[in-house]
Amino acid sequence: MNKFTPAKPAGARSVDEITGSRRLRRMRKADWSRRLVQENRLSVDDLIWPIFIIDGENRREAIPAMPGVFRLSIDLAVKEAERAAKLGIPAIATFPNVEMGLRDQTGAHILEPDNLINRATRAFKAAVPEIGIITDVALDPFTSHGHDGILRGGTIVNDETVAQVAAAAVLQAAAGSDIIAPSDMMDGRIGAIRDALDDNGFQDVAIMSYATKFASAFYGPYREAIGTQGLLKGDKKTYYIDHANSDEAVREAEQDLAEGADMLMVKPGLPYLDIIRRLKDEFRVPTFAYQVSGEYSMIKAAGANGWIDGEKAMLESLLAFKRAGCDGILTYFAPEVAEMLKG
Ligand code: PBG
């Protein structure tokens, strides 16, 4: 056995020689200095609260896969919107769970001016005009197959879907929606929606494009929330982006901005921070992330089991979006985190 003998004794060079006296721990030594050099902060102004709406009155249904999240009838949702406004949350995003009897092959009920989503918007605008309303225009809550587009012969047809989504966007704007958020990933939808809004006098209604929506496993609990879970056959890979791709996400965002999108969204959130950073660096436009249902449920479930500190993980995940370059975050944690930030 020949034992290795170091040429120099360990620690021959001092740490100050190694680092050139640059010690990054200096600024981390106390709470006051950490606060002083903190680069990013989360504020209530960063939050958009997605809420689920059902028909009826005084109804509050738990969603088992999303502990702490409920489907609410419009009257109760309005109360929650009032609470959100008091907390300073700038906007809410509404998602309807439409009665099964009203869903069909083409999602035609989205064109009913008095459907659940539009009635909810009117109620919010009448009771809480100071909060922003963002409406999703995809067909999935309205189709009997749970896809975001019109299904013909096994194919989600693009152009017919775009025409229907653009018409639905006008009805949503007429109901009072401030921001139209198309989440279907059809080609040409942003330009078609912009034209339709402008032709109908809704120049001031903005478009938040779900520009880069990835085919993802993280939407599972949402599908339970809006009742598309049992309906969906196959997957959404012919219209959502392959989650292996990043350049394609940049192209999608570029196209949507050229067609008139005012704001970009990346969805899901945490697994796609690289995309957020790329889009912010490339385009410098208002950029948002959707921390989706599966991300919420993972944190909640691990927290409930005592495997992680759920509150700390929630705050850390939200701050990560800010660090990645987000201007705001759609998150089911919105009221909980707003309460914490206030306290
Ligand atoms: C579809 C839509 C999805 C979500 C919102 N709108 C994805 C899907 O069901 O495929 C997901 C939101 C979430 O998971 O929180 N237009």
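In the predicted model, Arg194 and Asp198 are both found in helix α6 (residues 189–199), where they stand four residues apart, about one turn of the helix. Their side chains form a salt bridge in which the closest N and O atoms are 2.9 Å apart. The two partners differ in their surroundings: Arg194 has a relative accessibility of 13% and therefore counts as buried, since buried means under 20%, whereas Asp198, with a relative accessible area of 28%, is partly exposed.

Helix α6 also takes part in a contact with helix α5 (residues 158–175), and the axes of these two helices come within 9 Å and cross at roughly 40°. Because angles under 35 degrees count as roughly parallel and those from 65 to 115 as roughly perpendicular, α5 and α6 are described as oblique to each other. The crossing of α5 and α6 is right-handed. On the α5 side, the contact is made by Val162, Val165, Ala166, Ala169, Val170 and Ala173, which meet Arg189, Ala192, Ile193, Ala196 and Leu197 of α6. By type, the residues of this contact comprise 10 that are nonpolar, one that is charged and none that is polar.

Other salt bridges were examined in turn, the count for the model being 21 salt bridges. One of them joins Asp148 and Lys213, whose closest N and O atoms are 3.9 Å apart. This pair links distant parts of the chain, as Asp148 belongs to the loop between β5 (132–136) and β6 (150–152), while Lys213 belongs to strand β9 (residues 206–213), 65 residues apart. Both Asp148 and Lys213 are buried.

A further salt bridge is formed where the side chains of Asp247 and Arg278 meet, with an N to O distance of 2.8 Å. This pair, too, links distant parts of the chain, with Asp247 in helix α8 (residues 247–259) and Arg278 in helix α9 (residues 273–283), 31 residues apart. Asp247 has a relative accessibility of 54% and so counts as exposed, the cut-off for that class being over 50%, whereas Arg278, at 31%, counts as partly exposed. In addition, Arg59, Glu61 and Arg71 are joined into one network by salt bridges that share partners.

Technical notes:
Residues numbered from 1 in each chain as written. Predicted model: local features only at pLDDT ≥ 70, side-chain atom pairs only at ≥ 80, totals over all residues. Heavy atoms only, no water. Salt bridge = Lys/Arg side-chain N within 4 Å of Asp/Glu carboxyl O. Buried < 20%, exposed > 50% of the residue type's maximum accessible area, 1.4 Å probe, protein only. Axes fitted to C-alpha atoms, helices over the stretch in contact; angles between N-to-C directions. Parallel < 35°, antiparallel > 145°, perpendicular 65-115°, else oblique. Left-handed = near helix turned anticlockwise from the far one by under 90°. Contact = heavy atoms within 4.5 Å. Nonpolar A, V, L, I, M, F, W, Y, C, P; charged D, E, K, R; others polar.
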